[in-house]
Amino acid sequence: MLLFLLNSVFLGVALAMDAFSLSVANALRDKNIRLNKILLFSGTFAFFQFIMPMAGWFCVHSIISIFNRVLKFIPWISFFILLALGLKMIIESVRGGDDISVEGNISCEEGNSAEENSGFFRALIIPLLLQGIATSLDALSVGFTIADYSASLALVCSLIIAAVTFVICAFGFFLGKKAAHIKNFKAEIFGGIILILIGIEIFVKGVFF
């Protein structure tokens, strides 16, 4: 049991590195990010890191042939998602865009106009989901690693991975928030570069190794 727990924690740490870097990038973009936003982003990353290994485990035990065909496209999908998000962040920083900040209200309060709610959704929810998916797609392959686990053990392993991801991402946000306050530091540009580098890293690792 101890070995199982250690393996799950190590898997969580390894899988959380991309999400950690992304957390730092998000915090660099908004140096005044609040705790509720940190919890939302960290929780989303953790959720996807929980879902993906379980989805991989399920595929291994049911539709293995389809899963094998999908795997080869994962690095490409992650790369293009993160490239688009990174370029968007850099362009907004250079232009001094006035898009809704990542620090926008966490909920759509009653009385907000449909246009405001739509802007909130485009500026926060969609990028958040794309980031969560892009940084967790490689966790699908963990389904092969835990294929010999029972359903209950696979569930526990995925929960541990999610918990480790949450803690690491929250730390990344606090770290990025501190760095964002450095004077004359082009935080958004640096954050965009981080996103692009993560995409390249996932692509190279998935295609060539």
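Trainee: Over which residues does pLDDT stay under 50?
Mentor: This is a predicted model, so confidence comes first. The stretch in question still has 25 contacts beyond four places in sequence. Where pLDDT is low, the predicted coordinates should not be read in detail. The stretch under 50 is residues 98-111.

Trainee: What pLDDT does the chain average?
Mentor: Of the residues, 79% score at least 70. The chain average is 77.

Trainee: Which element of the chain has the highest mean pLDDT?
Mentor: Helix H3, residues 64-71, sits at the other end, with the lowest mean of 65. The highest mean is 90, and it belongs to H7.

Trainee: How many helices are there in the chain?
Mentor: The chain has zero strands. Along the sequence the pattern reads α-α-α-α-α-α-α-α. The helix count is eight.

Trainee: What share of the contacts with a separation of 6 or more comes from residues 24 or more positions apart?
Mentor: Take one pair as an example: Asp30 and Lys177 are 147 residues apart along the chain, yet their C-alpha atoms are separated by 7.3 Å. Over the chain, the share from residues 24 or more positions apart is 91%.

Trainee: Is Asp30 buried or exposed?
Mentor: Asp30 lies in the loop between H1 and H2. Its relative accessibility is 7%, and the cut-off for burial is under 20%. Therefore Asp30 counts as buried.

Trainee: Which residues touch the most other members of the largest nonpolar core?
Mentor: This core has 30 residues. Helices H1, H2, H4, H5, H7 and H8 each supply at least two of them. H1 gives the most, with eight residues. The members with the most core neighbours are Phe45 and Phe173.

Trainee: Which cysteine does Phe45 touch, not counting residues up to four places away in sequence?
Mentor: Phe45 touches Ala19, Leu22, Ser23 and Asn26, among others. Its list also includes Gln131, Gly132, Thr135, Thr165 and Phe173. The cysteine is Cys169.

Trainee: How many residues are in the other core?
Mentor: That core lies apart from the largest one. Its members include Ala46, Val142, Tyr149 and Ile161. Its size is 19 residues.

Trainee: Where is the kink in H1 centred?
Mentor: Check the span of H1 as well. At 1.5 Å a residue, its 28 residues should span 40 Å, and the end C-alpha atoms are 40 Å apart, which agrees. There is still a kink of about 45°. The kink is centred on Met17.

Trainee: Is Phe10 buried or exposed?
Mentor: Phe10 is in helix H1. Its C-alpha atom is separated by 8.4 Å from that of Ile161, 151 residues away along the chain. Its relative accessibility is 55%, and the cut-off for exposed is over 50%, so Phe10 counts as exposed.

Trainee: How far apart are the end C-alpha atoms of H4?
Mentor: H4 has 22 residues. At 1.5 Å a residue they should span 32 Å. The model agrees, with the ends apart by 32 Å.

Trainee: Which phenylalanine is among the buried residues in H4?
Mentor: The buried residues in H4 include Ile74, Leu82, Met89 and Glu92. The phenylalanine has 17% relative accessibility, so it counts as buried. Leaving aside neighbours within four places in sequence, it is in contact with Gly199, Ile200 and Phe203. The residue is Phe79.

Trainee: How far apart in space are Trp57 and Ala154, C-alpha to C-alpha?
Mentor: Trp57 is found in helix H2. It is buried, with a relative accessible area of 14%. Its contacts beyond four places in sequence include Gly143, Ile146, Tyr149 and Ala154. Trp57 and Ala154 are 97 residues apart in sequence, but in space they are apart by 7.4 Å.

Trainee: What is the relative accessibility of Ser158?
Mentor: Ser158 has its place in helix H7. Leaving aside neighbours within four places in sequence, Ser158 is in contact with Phe50, Pro53 and Met54. Ser158 counts as buried, because its relative accessibility is 0%.

Trainee: What percentage of the exposed area do carbon and sulfur atoms supply?
Mentor: Buried residues make up 44% of the 209 residues in the chain. The chain exposes about 11100 Å². Carbon and sulfur atoms supply 70%.

Note on methods
Residues numbered from 1 in each chain as written. Predicted model: local features only at pLDDT ≥ 70, side-chain atom pairs only at ≥ 80, totals over all residues. Heavy atoms only, no water. Core = buried A, V, L, I, M, F, W, Y, C linked by side-chain atoms within 4.5 Å. Buried < 20%, exposed > 50% of the residue type's maximum accessible area, 1.4 Å probe, protein only. Helix = DSSP H or I, 4+ residues; strand = E, 2+ residues; numbered from the N terminus. Contact = heavy atoms within 4.5 Å. Expected span 1.5 Å × (residues − 1). Bend = angle between axes of the 7 residues up to and from the residue. pLDDT = per-residue confidence, 0-100. Areas by Shrake-Rupley, 256 points an atom, 1.4 Å probe, with all protein chains shown as cover.
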